[in-house]
Amino acid sequence: MFYDDSYDPINNITEINGVDGLLYTYMHFARNSIDVNYQLAYKNKTTVQVGSRIGQLARFASGYHHLHYQILKGDVYVNPLAVIAPHLDTKPPEIWGVHFVAWNDGSREFTAQGVDCIALQDRVDIVAEINDSHEELVSLGRSEPVWVYDLWWEVCSVGSNQCTLHTTHQFDEMPTMWGAMRFAANRYYANRHPWNSRSSYRNPPRANFVLLTNFDDPLNNFIGHWDTNDMQNGTYTVTVTAEDFAHHTTTHSERVCIDNS
Ligand SMILES: [Ca+2]
Ligand SMILES: [Ca+2]
């Protein structure tokens, strides 16, 4: 355990070694606000009880007073949404759209060319725009989206009912190191026009554009894709499902026609 409330709000931070083996990090305490009992526990290397006061949150000029909270299990970042209870979440995720683009080229979107299906060819990346909100945040007057628990997509051949399931990642653990370089964030969330995930918390409502196909090869940036050359020419439905931490699910289907002849 250590603490630092001697500097500006950006650096104020404390870490607690949990008896459960997890490392808890809190950031954004007001200057010189760390509780005296907490300081004593640090100096005497004694245990801090659940519910103890640590310090006071910094007040931000923007009005967006907030706590950064990180849980580390070994070298795995645990998603706080997976362990915060209770979940007062009665609203399923929303899938605002599913788009198909040429492999790693978000500027070339496949579209329905006057027919009832989106014409696909060659290697494809799938982009889904997803929002999930949380009653507790809404009740506080904000509409920030939170991220989902799980995401998967399924391709079914129209007529034969043969389906192939593609999983992505279960977000009770974050997919990889979310450090300053933001490798994982750049790989899985689009941050370029026109698929720019809203990154400003000052401009809700917003959603994130997630690159579903990049999860197929998690070790390589952007390599992941859906190779429609492996499919027979024909008509398929692609169904994306998003599940939140309260286990509500939402699906969104698009009809696609593959023609690689
Ligand atoms: Ca929800
Ligand atoms: Ca890709």
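## Strands and core of a predicted model

In this predicted model, Ile95 has Ile130 as its bridge partner in β9. That bridge belongs to a longer pairing, for β6 and β9 run alongside each other in the antiparallel sense over 8 bridges. As background, the strands of a sheet pair through backbone hydrogen bonds, and they may do so in a parallel or an antiparallel way.

Strand β6 also pairs with β7, which covers residues 105-109, again in the antiparallel sense but over 2 bridges. Here Ala102 has Asp105 as its bridge partner in β7. The hairpin made by β6 and β7 has 2 residues between the strands, and within this hairpin Asn104 takes a positive phi near 55°.

A further group of strands forms an open sheet, in which 5 strands follow the order β8-β16-β15-β11-β12 with mixed pairing. Which strands stand at the edges of this sheet? They are β8 and β12 (163-170), and because each has a single partner strand, one side of each is left without a neighbour in the sheet. From one strand to the next, the twist averages 30°. Inside the sheet, β11 and β15 pair in the antiparallel sense over 8 bridges, and Leu151 stands opposite Ala242 in β15.

The antiparallel pairings described so far can be set side by side.

| Strands | Sense | Bridges |
|---|---|---|
| β6 and β9 | antiparallel | 8 bridges |
| β6 and β7 | antiparallel | 2 bridges |
| β11 and β15 | antiparallel | 8 bridges |

Several of these strands return in the largest nonpolar core, which has 31 residues, and among its members Ile126, Val127, Ala128, Val210 and Leu212 touch the most other members. At least two residues of this core come from each of β6 (94-102), β8 (118-120), β9 (123-133), β11 (150-157), β13 (208-211), β15 (234-243) and β16 (249-258). Which strand gives the most to this core? It is β9, with 5 residues. If neighbours within four places in sequence are left aside, Ile126 is in contact with Val98, Phe100, Trp153, Leu212, Thr213 and Trp226.

Finally, a helical residue may be considered: Tyr42 is found in helix α1, which spans residues 36-44. Is Tyr42 buried or partly exposed? Because 16 other C-beta atoms lie within 10 Å, whereas a buried residue would need 20 or more, Tyr42 counts as partly exposed. Tyr42 and Ile16 are 26 residues apart in sequence, while their C-alpha atoms are 9.6 Å apart in space.

Key. Residues are numbered from 1 along each chain as its sequence is written. Chains are lettered from A and ligands numbered from 1 in the order in which they are written. This is a predicted model: local features need pLDDT of at least 70, side-chain atom pairs count only at pLDDT 80 or more; totals for chains, interfaces and linings use all residues. A nonpolar core is a set of buried Ala, Val, Leu, Ile, Met, Phe, Trp, Tyr and Cys residues joined through C-beta atoms within 7 Å. A residue is buried if 20 or more other C-beta atoms lie within 10 Å of its own, exposed if 12 or fewer, and partly exposed in between; C-beta atoms are placed from the backbone. Helices (H or I, at least four residues) and strands (E, at least two) are DSSP runs, numbered from the N terminus. Two residues are in contact if their C-beta atoms, placed from the backbone, lie within 7 Å. Two strands pair if DSSP finds at least two bridges between them. Axes are lines fitted to C-alpha atoms, for helices over the stretch in contact, and angles run from 0 to 180 degrees between N-to-C directions.
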